[in-house]
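Reader: I would like a close look at a single part of this protein, set carefully against the rest of the chain. Please take me through the residues involved one by one, and say how far the model can be trusted as you go.

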Amino acid sequence: MQTFGIALHTILTNAYTLFCIAVGLWALLVAVRGETLNGQFWGALAVNTLLAVAVLAVTLLLQIGGVAPSRGWLYYLYDLFFIIAQPGTYTLLRGRDDRTAAGIFAAVTLFAALTAATRVNLLTQYTPPAP
């Protein structure tokens, strides 16, 4: 079961990274075109946040099962960043949907994608359970 959980965590982490790239490029395209963000974008942003929540849930289940992330608390800080970055940006922008907001969302989302991609070892390596 632990092998399945680790594989699921790796798949969800990769999905989060790729989805961040897609949403970030979408926001960048909207900003370059000078358009406004629409409901489809907000839905994609919500799905992206839910992916981060799913990664955290799988990690907590793995930790309960005795398999902890290799860096412990640092992993959870990264995951909390992934969970609050986009909703926090939406809140700080007070729901703006103009060209500037699209550029800001592009920057935040692509930064989250790059962070997830460069920290993949931290996010997917686990310490073996103690005997």
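Author: The model is a predicted one, and its mean pLDDT is 90, with 90% of the residues reaching 70 or more. Confidence is not even along the chain, however: helix α4 has the highest mean, at 95, whereas helix α5, which covers residues 120-124, has the lowest, at 64. The part I have chosen for the close look is the packing of helix α3 against helix α4, and a short account of the whole protein will help to place this pair.

The protein has five helices and two strands, and from the N terminus on these elements follow one another in the order α-α-β-α-α-α-β. Along the principal axes, its C-alpha atoms fill a box of roughly 60 × 20 × 20 Å. Of the 131 residues, 38% are buried, and the protein exposes about 7200 Å², of which carbon and sulfur atoms supply 70%. If one takes the contacts with a separation of 6 or more, 79% of them are accounted for by residues 24 or more positions apart.

Now to the pair itself. Helix α3 runs over residues 73-92 and helix α4 over residues 99-118, and the two pack at an angle of about 175° with their axes 10 Å apart. That angle makes α3 roughly antiparallel to α4, because an angle over 145 degrees is counted in that way. From the side of α3, the residues that take part are Tyr78, Phe81, Phe82, Ala85, Gln86, Thr89 and Tyr90, and they meet Ile104, Phe105, Val108, Thr109, Phe111, Ala112, Thr115 and Ala116 from α4. Sorted by character, the residues of this contact comprise eleven nonpolar and four polar ones, with no charged residue among them.

One of the α3 residues in this contact, Gln86, deserves separate attention. Gln86 has a relative accessible area of 0% and is therefore buried, since the limit for that class is under 20%. Leaving aside neighbours within four places in sequence, Gln86 is in contact with Phe105 and Thr109, and also with Cys20, Leu45, Asn48 and Thr49. Phe105 and Thr109 are residues of α4 that belong to the contact between the two helices.

The loop between α3 and α4 contains Arg94, whose phi is near 55°, a positive value in a residue other than glycine. Most residues other than glycine have a negative phi. Arg94 is also exposed, with a relative accessible area of 78%, whereas Gln86 in helix α3 is buried.

On helix α4, Ala107 has a relative accessible area of 47% and so counts as partly exposed. Measured by position in the chain, Ala107 is 50 residues from Ala57, and the C-alpha atoms of these two are 26 Å apart in space.

The surroundings of the pair can be followed through Val55, a residue of helix α2, which spans residues 39-64. Val55 is buried, because its relative accessibility is 5%. Beyond the residues up to four places away in sequence, Val55 touches His9, Leu12, Thr13, Tyr75 and Asp79; Tyr75 and Asp79 fall within the residue range 73-92 of helix α3. The C-alpha atoms of Val55 and Tyr16 are 8.5 Å apart, although the two residues lie 39 positions apart in sequence.

Helix α1 supplies two further reference points. Ile11, which is placed in α1, is exposed at 55% relative accessibility, and its C-alpha atom is separated by 9.2 Å from that of Val55, 44 residues away along the chain. Ala22 lies in the same helix, α1, which covers residues 2-33, and at 44% relative accessibility it counts as partly exposed. Between the C-alpha atoms of Ala22 and Ala44 there is a separation of 9.5 Å, for two residues that are 22 positions apart along the chain.

To return to the part in question, α3 and α4 form a roughly antiparallel pair, their contact holds no charged residue, and Gln86, at 0% relative accessible area, is buried.

Terms used:
Residues numbered from 1 in each chain as written. Predicted model: local features only at pLDDT ≥ 70, side-chain atom pairs only at ≥ 80, totals over all residues. Heavy atoms only, no water. Axes fitted to C-alpha atoms, helices over the stretch in contact; angles between N-to-C directions. Helix = DSSP H or I, 4+ residues; strand = E, 2+ residues; numbered from the N terminus. Parallel < 35°, antiparallel > 145°, perpendicular 65-115°, else oblique. Contact = heavy atoms within 4.5 Å. Nonpolar A, V, L, I, M, F, W, Y, C, P; charged D, E, K, R; others polar. pLDDT = per-residue confidence, 0-100. Buried < 20%, exposed > 50% of the residue type's maximum accessible area, 1.4 Å probe, protein only. Areas by Shrake-Rupley, 256 points an atom, 1.4 Å probe, with all protein chains shown as cover.
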